[in-house]
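Hi,

Here is the structure I said I would pass on. Have a look at it first, and my notes on what turned up follow below.

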Amino acid sequence: MAWNPQDLLGTTLILLAACSLSVVATAAFRVPALLGYLAVGALLGPSVSGVIAPGEALTFISELGVALLLFMVGLEFSLGHFWLTRKTVLASGSLQMVVVAAPLTLVLIGLGQPAQSAALLGAAAAMSSTALVSRQLADQGELTTRHGRSAIAVLVFQDLASVPLLALLALLAIWARGDSPKIESVLLEVLGVLVLFAAAAVASRRLLHGLLGWVAR
């Protein structure tokens, strides 16, 4: 499918206008603006009105929005602070996932689901949306508070845990087809993601700090 700049411009203008109206409405009713954004997505999406259709333009806007939102969170969140509190973060993050995933896994097994699928669904249910939670904390001015930083740290733990979960999902898909997965290829994919993450962390400290300093000057 060819890239159409007019579709991108039209979709952007429609979303900006609808989100601006939703902010006014949610402020009038004194409810979080996030609810208005979710309502706009539901009403304009293909399930209701179909004004915004799935496509390359919507995918691009969605990915750009999440990237900008997480960039904002990264400006507020200190990796050094996360490392200092790593024991608490690892304990609370792993405990949260176990407390949510384990009961749901047992329930799904009791309902007749295979153990592998039940475990994967339970782990998926334990995941939270970093974009939604960080946005709500920012709207409430709680992103830099103690509980806000703890919540973001747990979300970061969940994001890191998603790497082996995605590898497990790939293994289950191979098993479902009746094939034997190659452990070497799976390990290479996981290693590639970890290397990319480490490279991004190093580049952000070396390059991004200097770039932002130049912009500030």
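Phe29 counts as exposed, because its relative accessibility is 67% and the cut-off for exposed is over 50%. Keep in mind that this is a predicted model. You will find Phe29 in helix α1, which covers residues 5–29. Phe29 also belongs to a nonpolar patch on the surface, together with Val31, Leu35, Leu38 and Leu132. Between them, these five residues have about 480 Å² of accessible area.

Next to look at is Arg30, in the loop between α1 and α2. Its phi is near 60 degrees, which is a positive value in a residue other than glycine. Is Arg30 buried or exposed? With a relative accessible area of 78%, Arg30 is exposed, since anything over 50% falls in that class.

Back in helix α1, two more residues are worth a click. Asp7 lies in this helix and is partly exposed, because its relative accessible area of 44% falls between the cut-offs of 20% and 50%. Asp7 and Ile52 are 45 residues apart in sequence, yet their C-alpha atoms are 10.0 Å apart in space. Ser22 is in α1 too, but Ser22 is buried: its relative accessible area is 8%, and buried means under 20%. From the C-alpha of Ser22 to that of Leu35 the distance is 8.6 Å, with the two positions 13 residues apart along the chain. Leu35 is one of the residues of the nonpolar patch mentioned above.

Now for the chain as a whole. How many helices and strands are there? The protein chain has nine helices and zero strands, so reading along the sequence simply gives α-α-α-α-α-α-α-α-α. The chain has 217 residues, and 23% of them count as buried.

Then there is a pocket to explore. The second largest pocket has a volume of about 940 Å³. Helices α1, α2 (33–44), α3 (56–76) and α7 (130–139) are the elements that each give two or more residues to its lining. Which helix gives the largest share of that lining? It is α3, with nine residues. In total, 21 residues line the second largest pocket, and the ones nearest its centre are Cys19, Tyr37, Ile61, Gly65 and Val66. By type, the lining divides into 16 nonpolar residues, four polar ones and one charged.

Finally, a few words on α7, one of the helices that contribute to that pocket. Within α7, the residues Thr130, Ala131, Ser134, Gln136 and Leu137 are buried. Just after this helix comes Gly141, with a positive phi of about 70 degrees. While you are looking at α7, one general point helps when you follow a helix on screen. An α-helix has 3.6 residues a turn, so residues three or four places apart point the same way.

If you only have a few minutes, I would start with the patch around Phe29 and then move on to the lining of the second largest pocket.

Cheers

How values were computed:
Residues numbered from 1 in each chain as written. Predicted model: local features only at pLDDT ≥ 70, side-chain atom pairs only at ≥ 80, totals over all residues. Heavy atoms only, no water. Patch = residues over 30% accessible without salt bridge, like charges linked within 9 Å, V, L, I, M, F, W, Y side chains within 5 Å. Areas by Shrake-Rupley, 256 points an atom, 1.4 Å probe, with all protein chains shown as cover. Salt bridge = Lys/Arg side-chain N within 4 Å of Asp/Glu carboxyl O. Helix = DSSP H or I, 4+ residues; strand = E, 2+ residues; numbered from the N terminus. Buried < 20%, exposed > 50% of the residue type's maximum accessible area, 1.4 Å probe, protein only. 1 Å grid on protein atoms, 1.4 Å probe; cavity = no way out; pocket = protein on both sides within 12 Å on 5 of 7 lines; lining within 4 Å. Points joined across faces, edges and corners; volume = space filled by probe spheres on them. Nonpolar A, V, L, I, M, F, W, Y, C, P; charged D, E, K, R; others polar.
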